[in-house]
Amino acid sequence: MSFPKNFLWGGATAANQYEGGWQEGGRGIAVHDLITNGTKDEPRRIFCKNDQDDEVTIQMGECIPYGYVGFLKEGYYYPSHQATDFYHHYKEDIALMAEMGFKTYRLSISWTRIFPNGDDETPNEEGLHFYDNVIDELKKHNIEPLVTILHFDMPLNLATKYGGWINRKLIDFYLKFAKVLFERWKDKVTYWITVNEINVLGGYWTLGLASNHRKTGAHSNQGETPLEDAGIKFQSIHHMLVASAMANKMAREINPHFMLGTMCALSGIYPATCHPDDVALAYDMQDMMAFAPMETYVYGIISPLVMNKWRKENTVPQMFKEDEQILKSGTADYLGVNWYCTQTVGISNSKSGFNIGVELDIKKNPYLEYGHWDWSYDPKALKMALKECYARFKKPIMICENGWSELETVEDGKVHDQKRIDYLHDHIKQMQNAIDEGVDLIGYQHWSFIDILSSSQGFDKRYGLVFVDRDNFNIKNCQRIKKDSFYYYQSVIKNNGLGEINEER
């Protein structure tokens, strides 16, 4: 039950959820800096207003109305400003990674720390120096940096001045950002991810979109009808795909030994019944949500299924003639996947936000256990997903995120997270089974290395192997406390797999 000799065991975080130091070192303001705290019962949100002081509230997945700008509202707390304060704790945290035995650490780079406004002429040297120190500290401990360039992050200026990724100018700003990183760390970083989870991006939070498209001038290729919300997101995602491909091509010119990856969210999707309509729905959702964007990354093509859907809905993105060749010239070396749980779907009369031309119902699977936030516990599905990805794409696979969230407290200076240990064990066992059946799995990055700010539920929802003593409203001193899972994962890495741990269970 051992893994390949050079298997990349590690953990992951994202700068906007972890780093803090939001106004230090010359860093500019990002969209995420405007998102309020959230709890299990109250979603995180952005307050926006226009020149007449008209105010609206934007929640996750929504587009900001054109002409409105996000602002900080008195009486609300913005936890990402400090997050879990990696900015001041990076040496302590990297020492904990080394103690656990990490081979890799997946981090993302804050765009506003390098280009505070996104369209600056020159990069912020103080921001680059911070990441120089982080990468050097990782290398000192023989930990390989796995750098994500764009992870749900955007300078506020690019969103308000240019309309976000709906504007093709964002490609040039992104490439300028990426080039600085590639050239700066061409001899220190081997593994890269261009864009995080492009298949689940949505709304102002990650794309900087405006919803009144008549004023932004965004139109479909099929005519002069302004795009609806779905169409404008497709346009933005197309720009990001082009930017990713161009970045890959540029990176290979800077260092041909770079390992350049893509990364998509992957969730197994079951039909609620064996009725052909439910089975077809589950198949189409899996294809559209996960495998279609992977086709673009791996083969450099836009899936014919996706293009046909766009034509039927009059949402075909505007594309330049050269885009087809750009996509083909900038494919990925490995396929990154984020895996957490499965979903069960069926045809129904209830409406859903998933836009595939049918109404559907997300159901609970009666054969599965569910956690606090209704995410299923389904490790066997991970093996099936890995086998399906490898059969389709024949690329090495890196699990870039995988983890279990809990409501947690400290008891006598300790955090007992047995459910996370069970989750780790059961998923690692299925990873081994997939390898035994022929899947080329090269690494596993646990989400998350340490407690960070959840994108939806703030600090109530914890994924870390290390507990951070703070909550949604009180930064405290961010004391680090090793959870029981810290020691479990340490043993897994030491054994290069489950080994004797598996026999004991």
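Where is the place of Asp378? In this predicted model, Asp378 sits in the loop that runs between β12 (376-377) and α13. Although it belongs to a loop, Asp378 is buried: its relative accessible area is 7%, and a residue counts as buried when that value is under 20%. The partners of Asp378 help to fill in the picture. When neighbours within four places in sequence are set aside, Asp378 is in contact with Tyr270, Trp339, Thr342, Leu368 and His427. A further link along the chain is given by Gly268, which lies 110 residues from Asp378 in sequence, while the C-alpha atoms of the two are separated by 9.2 Å.

It helps to place this residue within the whole protein. The protein contains 16 helices and 16 strands. Of its 505 residues, 60% are buried. Contacts between residues at least 6 apart in sequence can also be sorted by how far along the chain they reach, and 76% of them join residues at least 24 apart.

A second loop residue can be read in the manner of Asp378. Ile109 is located in the loop between β5 (104-108) and α3 (111-114). With a relative accessibility of 2%, Ile109 counts as buried, since the cut-off for that class is under 20%. Beyond its neighbours within four places in sequence, Ile109 is in contact with Ala15, Ile114, Tyr131, Val147, Thr148, Ile149, Asp153, Phe177, Leu181 and Trp185. Leu128 is another useful reference point: it is 19 residues from Ile109 in sequence, and the distance from C-alpha to C-alpha is 9.5 Å.

Leu128 also appears in a helix pair. Helix α4 (residues 125-140) packs against helix α6 (residues 169-184) at an angle of about 45 degrees, and their axes are 12 Å apart. That angle makes α4 oblique to α6, and the crossing of the two helices is right-handed. On the α4 side, the contact is made by Glu125, Leu128, His129 and Asp132, and on the α6 side by Val180, Leu181 and Arg184. Sorted by class, these residues of the α4 and α6 contact divide into 3 nonpolar, 1 polar and 3 charged. Leu181 thus links two parts of the description, as it is listed among the contacts of Ile109 and also takes part in the contact of α6 with α4.

Helix α10 offers two pairings to follow. With which helix does α10 (residues 276-299) pack at an angle of about 45 degrees? The partner is helix α13 (residues 379-393), and the axes of the two are 11 Å apart. The two helices are therefore oblique to each other, and their crossing is right-handed. Tyr283, Asp287, Phe291, Met294, Glu295, Val298 and Tyr299 of α10 make the contact with Glu388, Cys389, Arg392 and Phe393 of α13. By class, the contact of α10 with α13 has 7 nonpolar, no polar and 4 charged residues. The spacing of such residues along a helix is easier to follow with one general point in mind: an α-helix has 3.6 residues a turn, so residues three or four places apart point the same way.

The other pairing of α10 is with helix α11 (residues 304-313). Here the axes come within 9 Å and cross at roughly 125 degrees, so α10 and α11 are also oblique to each other. Asp287, Met288 and Ala292 in α10 meet Leu305, Val306 and Lys309 in α11. The residues of this contact divide into 4 nonpolar, no polar and 2 charged. Asp287 takes part in the contact of α10 with α13 and is also one of the α10 residues that meet α11.

Helix α14 (residues 418-436) allows a simple check of length. At 1.5 Å a residue, its 19 residues should span 27 Å, and the end C-alpha atoms are 27 Å apart, which agrees. After α14 comes Gly438, which has a positive phi, near 110 degrees.

Several details of the backbone complete the account. Glu197 is not a glycine, yet its phi is positive, about 45 degrees. Glu197 lies in the loop between β7 (191-195) and α7 (203-207) and counts as buried at 10% relative accessibility. Asn496, likewise a residue other than glycine, has a positive phi near 55 degrees. Asn496 is placed in the loop between α15 (484-495) and α16 (499-504), and at 18% relative accessibility it counts as buried. Finally, a cis peptide bond joins Trp447 and Ser448, with omega about -5 degrees; Ser448 is found in the loop between β14 (441-447) and β15 (466-469).

Key. Residues numbered from 1 in each chain as written. Predicted model: local features only at pLDDT ≥ 70, side-chain atom pairs only at ≥ 80, totals over all residues. Heavy atoms only, no water. Axes fitted to C-alpha atoms, helices over the stretch in contact; angles between N-to-C directions. Helix = DSSP H or I, 4+ residues; strand = E, 2+ residues; numbered from the N terminus. Parallel < 35°, antiparallel > 145°, perpendicular 65-115°, else oblique. Left-handed = near helix turned anticlockwise from the far one by under 90°. Contact = heavy atoms within 4.5 Å. Nonpolar A, V, L, I, M, F, W, Y, C, P; charged D, E, K, R; others polar. Expected span 1.5 Å × (residues − 1). Buried < 20%, exposed > 50% of the residue type's maximum accessible area, 1.4 Å probe, protein only.
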